[in-house]
Amino acid sequence: MRVLSAIQASGRLHIGNYFGAIAQMLKYQDSGDLHVFIADYHALTTIKDAKELKQNTIDLACSYLSLGIDPNKSTFWVQSDVKEVLELYWILSSFTPMGLLERAHSYKDKVAKGISTNHALFSYPVLMAADILLYDTNIVPVGKDQIQHVEMTRDIAIKFNNLLGDTFVLPEFKIDDKVAVVPGIDGAKMSKSYKNTIDIFSSFKELKKQIGKIVTDSTPMDEPKDYNSCNIFKIAKLFLNEDELNELKRRYKTPGEGYGHFKAYLTDVIWEFFSKAREKREYYINHQDEVLKILDNGAKKAKKLAQKKMSIIREAVGIYR
Ligand code: ADP
Ligand code: TRP
């Protein structure tokens, strides 16, 4: 059972990325054939600064490794190290109806928000389909916002298979219902582009500042508070076990504490939750040669699979050699 996922190299990791994507990947690491890569070509749709893209790529590699991706159990590489994916992207483009791409929510959202678009942003799902189909992927663990992209991948694969014979494995998405959408500090979906994130690897001071901005109502200290509608509680829920959660509920119901207290508690909880990962990350940041070696090895393994698959695909479409 091949499991594949990726994260764009477009900025710092936030807790939405962790619970929506990374935690799920880790679940597969011991049981499945996990393939994970850093999507730097995809990040190019939004980042137009060479230094920033390179820095993000290596930073993300350090972060992934420190959060638990184990190169001995998984194949871990950078998307652009396997150029075959761009060849497949072009081939799949010829099997992708314009209407399919025009229906993509993420593209339509960007247009609606007035973000200046480009062709790569429009054809983004085709490159993602290439990422998935190149490696005969069975399962793609992602957050809710990526479901449509995996469905589009299936549509493209079905179209290809119908026209040219059974070539591609049809992938399935996998989401964790409990954390399908992690809310941001304003209660909307946490996302880099909404600037409402709580970052995993910020300093304690930054973490405190981000959590300090969580939007709450104005119930005074001496009144009981409704935890169900509270953004602090919704985020805290992700990190706490049942006993800790019950204790927090009790504190909400008991007059005497304000949202400031709950924010301070959440800051400590999150700081502690990622403390081991923070230490490991420090190590990798200071041993980048080691990180590059891990990525080289991963790329070699991924390239082997990609080359084998590409020769089957070239044969199927009639690319002459
Ligand atoms: P962003 O929206 O911040 O740009 P990405 O699009 O890079 O995040 O998402 C990377 C991965 O993390 C995807 O699998 C996505 O579904 C998941 N993810 C991102 N934000 C959230 C969230 N708020 N809740 C759950 N999963 C998320
Ligand atoms: N589009 C994904 C995201 O924004 C990243 C991604 C690129 C991906 N290629 C992929 C995810 C292939 C899963 C499989 O998060």
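The following exercises, with worked solutions, concern a predicted model and its two ligands.

**Exercise 1.** Determine which residues come closest to ligand 1 and which polar contacts the backbone makes with this ligand.

*Solution.*
Step 1. Ligand 1 is surrounded by 17 residues, and the closest are His14, Asp145, Val182, Ser191 and Lys192.
Step 2. A polar contact requires a pair of N or O atoms within 3.5 Å. A polar backbone atom of Gly16 lies 3.3 Å from a nitrogen atom of ligand 1. For a polar backbone atom of Met190, the distance to a nitrogen atom of ligand 1 is 2.9 Å. An oxygen atom of ligand 1 is 2.7 Å from a backbone N or O atom of Lys192.
Step 3. Ligand 1 on its own exposes 540 Å², of which the protein buries 92%.
Step 4. The shell around ligand 1 comprises seven nonpolar, seven polar and three charged residues.

**Exercise 2.** Describe the surroundings of ligand 2, with its side-chain contacts and the elements that contribute to its shell.

*Solution.*
Step 1. There are 14 residues around ligand 2, and His42, Tyr124, Met128, Asp131 and Gln146 come nearest.
Step 2. An N or O atom in the side chain of Tyr124 lies 2.6 Å from a nitrogen atom of ligand 2. A nitrogen atom of ligand 2 is also 2.7 Å from a polar side-chain atom of Asp131. For Gln146, an N or O atom of the side chain is 3.0 Å from a nitrogen atom of the ligand.
Step 3. Taken alone, ligand 2 has 360 Å² of accessible area, and the protein covers 90% of it.
Step 4. Two or more residues of the shell come from each of β1 (2–8), β2 (33–39) and α7 (119–133).
Step 5. By class, nine residues of this shell are nonpolar, four are polar and one is charged.

**Exercise 3.** For Asp136 and Lys195, state the sign of phi, locate each residue in the chain, and decide whether each is buried, partly exposed or exposed.

*Solution.*
Step 1. Most residues other than glycine have a negative phi. Asp136, although not a glycine, has a positive phi of about 50 degrees. Lys195 is likewise not a glycine and has a positive phi of about 50 degrees.
Step 2. Asp136 belongs to the loop between α7 and β4 (139–141). Lys195 lies in the loop between β5 (172–174) and α9 (204–212).
Step 3. Buried means under 20% relative accessible area and exposed over 50%. Asp136 has a relative accessibility of 27% and therefore counts as partly exposed. Lys195 counts as exposed because its relative accessibility is 73%.

Technical notes: Residues numbered from 1 in each chain as written. Chains lettered and ligands numbered in written order. Predicted model: local features only at pLDDT ≥ 70, side-chain atom pairs only at ≥ 80, totals over all residues. Heavy atoms only, no water. Near = heavy atom within 4 Å. Polar contact = N/O pair within 3.5 Å; in protein donor to acceptor, adjacent residues only side chain to side chain. Areas by Shrake-Rupley, 256 points an atom, 1.4 Å probe, with all protein chains shown as cover. Nonpolar A, V, L, I, M, F, W, Y, C, P; charged D, E, K, R; others polar. Helix = DSSP H or I, 4+ residues; strand = E, 2+ residues; numbered from the N terminus. Buried < 20%, exposed > 50% of the residue type's maximum accessible area, 1.4 Å probe, protein only.
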